Amino acid sequence: MTTYTGLELVSRLADGTLHRPSMAEPLPSRLLAPEEGKIELRARPEARFCNLTETIHGGWMMTMLDTAMSLAAQTTLAPGEACPSLETTTKFIRPITIDSGEVHVKGCVISRGRTIITLEGRIEDAAGKIYAHGTSSCMIIPAKA
């Protein structure tokens, strides 16, 4: 895997030539073709992710945002580099229900420095109505010699 750039790795995830990590299996989503610094996931909330108020659990929303922002950061990496999250925040705007339909989870790089990547993410419906947004920063770990 260290021979691929981050954009190549994320592109291979999107086209199915690279198997998704096991963490992605319980949270079904579809990764669209990425651009450098930008990705989009499509996901349909399911009843199994509802909390007691029959809205989608905030943890699902946070995980989807973290995934989108992390993948966006990954698209900027050189072969062998890694970018673990330093911090992630989420603001909930309105609840998601199982009737909300497919949501678009977007991750975008705001700034890519030498050691830190700053990101933003959004969960929207097809009409652009926002349900949650977040920010994240990732630390760039250089490739091992």
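Select A43 first: this residue stands opposite V103 in β4. Strands here (E, at least two residues) and helices (H or I, at least four residues) are DSSP runs, numbered from the N terminus. The model is predicted, with pLDDT of at least 70 needed for local features and 80 or more for side-chain atom pairs, while totals for chains, interfaces and linings use all residues. Residues are numbered from 1 along each chain as its sequence is written, and side-chain values use heavy atoms, leaving out hydrogens and water.

**The sheet**

Widen the selection to the strands. Six of them form an open sheet with antiparallel pairing, in the order β1-β2-β4-β5-β6-β3. β1 and β3 (85–92) stand at the edges with a single partner strand each, so one side of each has no neighbour in the sheet. Two strands count as paired if DSSP finds at least two bridges between them. Strands of a sheet pair through backbone hydrogen bonds, in either a parallel or an antiparallel sense.

Next, display β2 (38–43) and β4 (103–112). Six bridges join β2 and β4 in the antiparallel sense. One place to look is E40, whose bridge partner in β4 is K106. Now add α2, which packs on the sheet and touches β1, β2, β3, β4, β5 and β6 (130–139). The direction of α2 makes about 45 degrees with that of β4. Contact means heavy atoms within 4.5 Å; axes are lines fitted to C-alpha atoms, for helices over the stretch in contact, and angles between N-to-C directions run from 0 to 180 degrees.

**The β1–β2 hairpin**

Move to the edge strand β1, which pairs with β2 in the antiparallel sense over two bridges. Select R30 and find its bridge partner in β2, R42. Six residues lie between the strands of this hairpin, and G37 takes a positive phi near 85 degrees.

E35 is in the loop between β1 and β2. Not counting residues up to four places away in sequence, E35 touches L7 and T75. A distance drawn from E35 to C108, C-alpha to C-alpha, gives 9.6 Å, with these positions 73 residues apart in sequence numbering.

Follow the contact to T75, in the loop between α2 and β3. T75 is buried, because its relative accessible area is 2%; buried means under 20%, exposed over 50%, and partly exposed in between (1.4 Å probe, protein chains only). Leaving out residues up to four places away in sequence, T75 touches G6, L7, V10, P34, E35, E36, G37, K38 and I39.

**The loop between β2 and α2**

Two residues are worth selecting in this loop.

- R44 is found in the loop between β2 and α2 and counts as exposed, at 52% relative accessibility. Its contacts, aside from neighbours within four places in sequence, are G101 and E102. The C-alpha atoms of R44 and E102 are separated by 4.3 Å, although the residues are 58 apart along the chain.
- F49 has its place in the loop between β2 and α2 and is buried, with a relative accessible area of 12%. F49 touches P26, L27, P28, T55, I56, H57 and W60, not counting residues up to four places away in sequence. From F49 to I98 the C-alpha distance is 8.8 Å, across 49 residues in sequence.

**The pockets**

Turn on a surface display. The largest pocket holds about 620 Å³ of space. Of its 24 lining residues, L13, P21, A24, T67 and L71 are the closest to its centre. A pocket is an open set of points on a 1 Å grid over the protein atoms alone, where a 1.4 Å probe fits, with protein on both sides within 12 Å along at least five of seven lines; lining residues have an atom within 4 Å of a point. Grid points are joined across faces, edges and corners, and a volume is the space filled by probe spheres set on the points.

α1 (6–15), β1 (30–31) and α2 (58–74) each supply at least two residues of the lining of the largest pocket, and α2 gives the most, with seven. By class, this lining has 15 nonpolar, six polar and three charged residues. Ala, Val, Leu, Ile, Met, Phe, Trp, Tyr, Cys and Pro count as nonpolar, Asp, Glu, Lys and Arg as charged, and the others, Gly among them, as polar.

Finally, select K38, I39, E40, K106 and G107, which lie nearest the centre of the second largest pocket among its 13 lining residues. The volume of the second largest pocket is about 210 Å³. Its lining divides into five nonpolar, two polar and six charged residues.
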